[in-house]
Amino acid sequence: MAKKKWYVVWMGHVPGVYTDWDKAKQQIEGYKGAKYKSFPDRAQAEAAFRNGYATYLKQAIPPAPGAARNPRTRPASSAFPSSDAIIGRSISVDAACSGNPGRMEYQGVTTVGKERLFHRAFPLGTNNIGEFLALVHALAFLQKQQQPDLPIYTDSKIAMGWIRKGKCKTTLPRNKKTAELYELIDRAEAWLKANRITNPVLKWKTEVWGEIPADFGRK
């Protein structure tokens with residue numbers, strides 16, 4: 001009996017970890033520069049996917065014999081992969097804040113077409129909180145839609161880090177003005193604790209692609 005394998009697709013139509021080769025193959029066929037690899041167990045596959053292709057490559061290819069090591073050089077620390085081309089079948093999220101803190105809102109849209117999928121607004125918040133809540137909202141939204149592999153774009157490294165840690169690391173005071181906002185933050189953190197993230201969370205390359213489709217256009 002053949003041993004079960006797990007397949008990581010770092011760059012493809014829908015990046016992710018797959019247990020079926022036929023499904024993984026669909027993600028790389030016709031995708032220029034696809035990056036993928038099979039692994040013998042789930043833990044290795046999920047770790048490789050979280051760390052990204054660049055980190056995996058550095059770990060997989062040892063330095064040449066006699067090559068000097070630079071103690072300051074570290075593997076890439078991003079917990080989520082990215083892609084050289086925009087994945088059209090995806091959603092994008094963003095937040096905006098009038099003042100920091102100030103009136104805050106966030107939304108999620110289809111990356112192609114910019115169709116709004118969800119939107120929330122609060123009288124007091126911060127941009128980082130909005131970016132964090134937008135990502136959790138998108139993850140929960142796609143779970144309900146039974147789309148566990150659809151990528152989510154964000155332009156916030158801070159929000160990606162908070163998602164990875166499962167904690168909104170804000171210093172915004174918890175008081176009557178922020179009670180509704182903190183209620184949602186608590187629910188978001190509880191959701192992250194109770195659920196496994198399967199949707200790829202990708203960094204939007206603003207310097208290459210321009211503003212993220214979910215941008216509120218207030219810059």
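**Trp204 and its ring partners**

I started at Trp204, which is buried at a relative accessible area of 3% (buried means under 20% relative accessible area, exposed over 50%, partly exposed in between, with a 1.4 Å probe and protein chains only). A caution for my own notes: this is a predicted model, so local features need pLDDT of at least 70 and side-chain atom pairs count only at pLDDT 80 or more, while totals for chains, interfaces and linings use all residues. Residues are numbered from 1 along each chain as its sequence is written, and side-chain values use heavy atoms, with hydrogens and water left out.

I then searched the whole structure for aromatic pairs and got nine. Rings of Phe, Tyr and Trp (for Trp, its six-membered ring) pair if their centres lie within 6.5 Å; planes under 30 degrees apart are stacked, over 60 edge-to-face, and the rest tilted. Tyr153 and Trp204 make one edge-to-face pair, 5.2 Å centre to centre with 85 degrees between the planes. Tyr153 is in strand S7 and Trp204 in the loop between strand S8 (201-203) and helix H7 (206-209), so this pair ties together parts 51 residues apart in sequence. My helices (H or I, at least four residues) and strands (E, at least two) are DSSP runs, numbered from the N terminus.

Tyr153 is buried too, with a relative accessible area of 1%. I found a second partner for Tyr153 in Trp209: the ring centres are 5.9 Å apart and the planes at 80 degrees, so this pair is edge-to-face. It again links distant parts of the chain, with Tyr153 in strand S7 and Trp209 in helix H7, 56 residues apart. Trp209 is buried, as is Tyr153.

**Other rings**

I noted one aromatic cluster formed by Tyr7, Trp21 and Tyr36. I also looked for charges over rings (NZ of Lys or CZ of Arg within 6 Å of the ring centre and within 35 degrees of the ring normal). Lys4 has its charged end over the ring of Trp6, 5.4 Å from the centre. Lys37 does likewise over Phe39, at 5.3 Å.

**Annotated sites: Glu131 and Asp155**

I checked UniProt next, where an unreviewed entry puts the feature "binding site" at Glu131 and Asp155. These two span 25 residues in sequence, yet no two of their C-alpha atoms are more than 8.6 Å apart, so they gather at one spot. UniProt positions follow the numbering used here, feature names are shortened, and annotations may be inferred rather than shown by experiment.

Glu131 is in helix H4 (residues 127-144) and is buried at 3% relative accessibility. I listed its contacts (heavy atoms within 4.5 Å), leaving aside neighbours within four places in sequence: Val93, Asp94, Ala95, Thr154, Asp155, Ser156 and Ala159.

Asp155 is in the loop between strand S7 (152-154) and helix H5 (157-165). With the same kind of neighbours within four places left aside, Asp155 contacts Asp94, Glu131, Lys203, Trp204, Thr206 and Ile212. That list brought me back to Trp204.

**Annotated sites: Asp94 and Asp215**

The unreviewed UniProt entry also places a "binding site" feature at Asp94 and Asp215. They are spread over 122 residues of sequence but cluster in space, with a largest C-alpha distance of 5.7 Å.

Asp94 is in strand S4 (residues 91-99) and is buried, at a relative accessible area of 2%. Beyond four places in sequence, its contacts include Glu105, Gln107, Glu131, Asp155 and Asp215. Asp215 is in the segment after H7. Not counting residues up to four places away, Asp215 touches Asp94 and Gln107.

**Helix H5 and the S5/S6 hairpin**

In H5, I found Ala159, Met160, Gly161, Trp162 and Ile163 buried. Their cover includes H4, S7, helix H6 (179-194) and S8. Gly166 follows H5 and has a positive phi, near 70 degrees.

I looked at strand pairing as well (two strands pair if DSSP finds at least two bridges between them). Strand S5 (residues 102-110) and strand S6 (residues 116-125) pair antiparallel over seven bridges, and Glu105 stands opposite Ala121 in S6. The two strands form a hairpin with five residues between them, and Gly113 in the turn has a positive phi of about 95 degrees.

**Chain totals**

I counted seven helices and eight strands in the protein chain. Of its 219 residues, 43% are buried.
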